Amino acid sequence: MTDISIFEKILNKEIPCNPVYEDEFTFAFNDMSPQAPIHVLIIPKKKIVNVNEMQEEDVEFAGRVLFAAQKIAKILNVNTGFRLVFNNGEQAGQTVFYMHCHFLAGRHFSWPPG
């Protein structure tokens with residue numbers, strides 16, 4: 001039996017969330033544990049574990065995640081900048097093994113990140 005991730009449960013409407021954006025390829029919702037005043041998670045509607053596990057046929061879904069970020073910035077009126085983060089693997093901080101993009105905005109971000 002394959003473990004069902006929290007993101008698959010959200011997509012299947014088994015777990016409620018606060019949606020921000022949805023299209024044919026992506027779904028975006030507010031993070032339940034925000035790390036910035038605006039913290040939205042963007043997921044592809046096709047399960048991809050992470051960037052290392054992507055296949056060539058997943059490229060459109062991955063690109064659509066980035067395009068969704070542009071749409072979300074407009075919806076949320078974020079015009080002073082935002083940060084996109086993909087954690088890839090445990091050592092990078094990935095805790096849900098379903099590729100997702102953190103859309104962070106609403107505060108100043110320093111470099112390098114922590």
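Two strands count as paired if DSSP finds at least two bridges between them; strands (E, at least two residues) and helices (H or I, at least four) are DSSP runs, numbered from the N terminus. This is a predicted model, where local features need pLDDT of at least 70, side-chain atom pairs count only at pLDDT 80 or more, and totals for chains, interfaces and linings use all residues. Residues are numbered from 1 along each chain as its sequence is written, and side-chain values use heavy atoms, with hydrogens and water left out.

**Exercise 1.** Work out which residue stands opposite Ile38.

*Solution.* Start with the strands: strand 3 (residues 38–44) pairs with strand 5 (residues 101–105) in the antiparallel sense, over five bridges. Now look across from Ile38: you hit Ala105 in strand 5.

**Exercise 2.** Find the order of the strands in the sheet, and say which stand at the edges.

*Solution.* Five strands make an open, antiparallel sheet, in the order 1-2-3-5-4. Strand 1 (19–22) and strand 4 (83–85) each have a single partner strand, so one side of each lacks a neighbour in the sheet. Next, take strand 1 and strand 2: a hairpin of three residues joins them, they pair over three bridges, and Pro19 stands opposite Phe29 in strand 2.

**Exercise 3.** Count the disulfides (cysteine sulfur pairs within 2.5 Å).

*Solution.* There are zero. Cys17 is in none, and its nearest cysteine sulfur, that of Cys101, is 16 Å away. For burial, use relative accessible area with a 1.4 Å probe, protein chains only: buried is under 20%, exposed over 50%, partly exposed in between. Cys17, at 24%, is partly exposed, while Cys101, at 0%, is buried.
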